[in-house]
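This report describes strand pairing, ring contacts and two loop positions in one protein chain. The sequence and the model are shown first.

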Amino acid sequence: QVQLVESGGGLVQPGGSLRLSCAASGSIFSRSAMGWYRQAPGKERELVATITSDFSTSYADSVKGRFTISRENAKNRVYLQMNNMKPEDTAVYYCKQTSPGSSYVYWGQGTQVTVSS
């Protein structure tokens, strides 16, 4: 049914930028809440940013002012623009889709982001 595929990860220097993309399949994307999570080695997966079906956004304090989540419903895409990146941003980033009514949750496979000089 719903499949999520992340892309755009890679190696970037501190202060640099990356833009992650998440391509979703299925017909419920526009009515779904979307989110980006990340998980560093040895740490729990944490919420980075969310965007609702009404385009309302929220961010973790650690990324507020640096990251921007957006969505393009016509393309079933959600994005995470990451600016002024820090080594602490190094993690595997996952795309999450929550179906209308929060009945189901779907996860992508993740994409590696490494911030290093």
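Buried means under 20% relative accessible area, exposed means over 50%, and partly exposed lies in between (1.4 Å probe, protein chains only). Because Pro 100 has 29% relative accessibility, Pro 100 counts as partly exposed. The model is predicted, so local features need pLDDT of at least 70 and side-chain atom pairs count only at pLDDT 80 or more, while totals for chains, interfaces and linings use all residues. Residues are numbered from 1 along each chain as its sequence is written, and side-chain values use heavy atoms, with hydrogens and water left out.

**Strands and sheets**

Helices (H or I, at least four residues) and strands (E, at least two) are DSSP runs, numbered from the N terminus. Two strands pair if DSSP finds at least two bridges between them. An open sheet is formed by 4 strands in the order β1-β3-β8-β7, with antiparallel pairing. β1 (4-7) and β7 stand at the edges with a single partner strand each, so one side of each has no neighbour in the sheet. On average, neighbouring strands of this sheet are turned by 15 degrees against each other, direction ignored; axes are lines fitted to C-alpha atoms, for helices over the stretch in contact, and angles run from 0 to 180 degrees between N-to-C directions.

The table lists three antiparallel strand pairs.

| Strand pair | Bridges | One bridge partner pair |
|---|---|---|
| β1 and β3 (residues 18-24) | 4 bridges | Ser 7 and Ser 21 |
| β4 (residues 33-39) and β5 (residues 46-51) | 5 bridges | Trp 36 and Ala 49 |
| β5 and β6 (residues 57-59) | 3 bridges | Ala 49 and Tyr 59 |

Ala 49 thus appears with Trp 36 as bridge partner and also with Tyr 59 in β6. The hairpin of β4 and β5 has 6 residues between the strands, and Gly 42 in its turn has a positive phi of about 80 degrees. In the hairpin of β5 and β6, 5 residues lie between the strands, and Phe 55 takes a positive phi near 70 degrees.

**Rings and charges**

Rings of Phe, Tyr and Trp (its six-membered ring) pair if their centres lie within 6.5 Å; planes under 30 degrees apart count as stacked, over 60 as edge-to-face and the rest as tilted. The count comes to 2 aromatic pairs. One of them is Tyr 37 with Trp 107, edge-to-face at 5.0 Å centre to centre and 70 degrees between the planes. Tyr 37 lies in β4 and Trp 107 in β10 (residues 105-107), so the pair ties together parts that are 70 residues apart in sequence. Tyr 37 is buried at 16% relative accessible area, whereas Trp 107 is partly exposed at 37%.

A charge sits over a ring if NZ of Lys or CZ of Arg is within 6 Å of the ring centre and within 35 degrees of the ring normal. The charged end of Arg 19 sits over the ring of Tyr 79, 3.9 Å from its centre. Arg 45 lies over the face of Tyr 94, at 3.7 Å from the ring centre.

**Two loop residues**

Asn 76 is found in the loop between β7 (67-72) and β8 (77-82) and is buried, at 16% relative accessibility. The Asn 76 side chain reaches the backbone oxygen of Gly 26 at 3.0 Å. Contact means heavy atoms within 4.5 Å. Leaving aside neighbours within four places in sequence, Asn 76 is in contact with residues including Cys 22, Ser 25, Gly 26 and Phe 29.

Pro 100 is in the loop between β9 (91-98) and β10. Residues up to four places away not counted, Pro 100 touches Ile 28, Arg 31 and Ser 32. Pro 100 and Phe 29 are 71 residues apart in sequence and 9.1 Å apart in space, C-alpha to C-alpha.

Key:
Polar contact = N/O pair within 3.5 Å; in protein donor to acceptor, adjacent residues only side chain to side chain.
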